[in-house]
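This report describes how several helices of one protein chain pack against one another. Please keep the sequence and the structure in view while reading.

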Amino acid sequence: MIPILLALAAASAPAPAAMPAAAEARFKSCTALIAASPERAVADANEWRAKGGGVHARQCEALALAAQERWPQAAAAFELAASEAEAANDPGAVDLRVQAGNAWLAAGEPAKARAIFDSTLAALILTPEMRGEIHLDRGRALVALDDLPGARRDFDKAVELAPNDSFAWYMSAALARRQNDLKRAQDDIAQAVSMAPDDAELLLEAGNIAAVSGEVDAARGLYAKAARSAPNSDAGRRAAAALAANEAKASPPPAN
C-alpha cells in the first residue's frame, strides 16, 4: 500500500481544476519533468513562480520535492501553495493542505501533520468522502503519536464516510490487531482484501492477523500470495520472510 503522498508525487499529477489553458499546459510541462529529473522540475517550478506562476508553480515544486523525498521542504511548499490558494478562494486549497499534512507525516513530524488535519477538518466545504479521507490521515498521525483511542475514532469515521477506500479498512484492521481486537481486525482486513485482492500490503496484514489468531495454514497461504503478488516490493519481501519463518517453525528437528 503506497502512502497517499507518494502517489501524488508522480509525474502524472493531474492539473488542478479551473486553470486557464496556458497555465494548465505549463503545469503539465513542469510536472512531466518530475519522473526524469525532479531536481530540474524544482528549478523549472522556481523559474515559473518568478514569472508569476503562483500557486500552481508552487504545487509543482512541492511535488518535485516529494519525489526526492525531501519531505520537510515539500511540506513547507505545499503549505505555501495552500495559503496562496486560500487567498485566491481556490477550492484546491483543501487538497494542498492534505498533501502538506501527508508530507509532514512522511517527514516524521506527526504533530505538525495532526495540526494541519485538525484545521482542514474544520473547513465547511468538504464532501463526506473528503472528510473521511482526512479522518484517515489524521488517524495515521495519531497512531504515530501513540494516541490509539483517538486513532480508533478517526478510523471509524474514515470507514463510515469513505467505505470504498481499501486503505481505510486496512488501517482500521492493523490498529485493531495492535489493540488485540482480533474479531474487528479479521472483519476489517477481509473487507479491505475484498476490494483489492492482489494488494501485497493488504495480504501481508491479513496474514499477520491470521497468524496472531492461530490460523496457521491461512497465514501461510496469505503470506505466499502476498509474496507472489509483488515479489520485489517491501510488502512482498516481508511476506516472503514471514512465510520462511513460519515454515521453519513448522519443520521437524533433524534426526540425530
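## Helices α8 and α9

Helix α8 (residues 128-144) and helix α9 (148-161) pack with their axes 7 Å apart, at an angle of about 155°. The two are therefore roughly antiparallel (an angle over 145 degrees). Their crossing is left-handed, that is, the near helix is turned anticlockwise from the far one by less than a right angle. Among the residues in contact (heavy atoms within 4.5 Å) are H135 and L142 of α8 and F155 and L161 of α9. By class, this contact has nine nonpolar, four polar and six charged residues.

The model is predicted: local features need pLDDT of at least 70 and side-chain atom pairs pLDDT 80 or more, while totals for chains, interfaces and linings use all residues. Residues are numbered from 1 along each chain, and side-chain values use heavy atoms, without hydrogens and water.

## Helices α6 and α8

Helix α8 also packs with α6 (residues 93-106), at an angle of about 20° and with axes 10 Å apart. These helices are therefore roughly parallel (an angle under 35 degrees). V94, V98, N102 and L105 of α6 meet M130, I134, D137, R140 and A141 of α8. Six of these residues are nonpolar, one is polar and two are charged.

## Helix α10

Eleven of the 13 residues of α10 are buried (under 20% relative accessible area, 1.4 Å probe, protein chains only). They include F167, W169, Y170 and L175. The buried residues pack against α8, α9, α11 (182-195) and α12 (200-212).

Note on methods: Axes fitted to C-alpha atoms, helices over the stretch in contact; angles between N-to-C directions. Helix = DSSP H or I, 4+ residues; strand = E, 2+ residues; numbered from the N terminus. Parallel < 35°, antiparallel > 145°, perpendicular 65-115°, else oblique. Nonpolar A, V, L, I, M, F, W, Y, C, P; charged D, E, K, R; others polar. Buried < 20%, exposed > 50% of the residue type's maximum accessible area, 1.4 Å probe, protein only.
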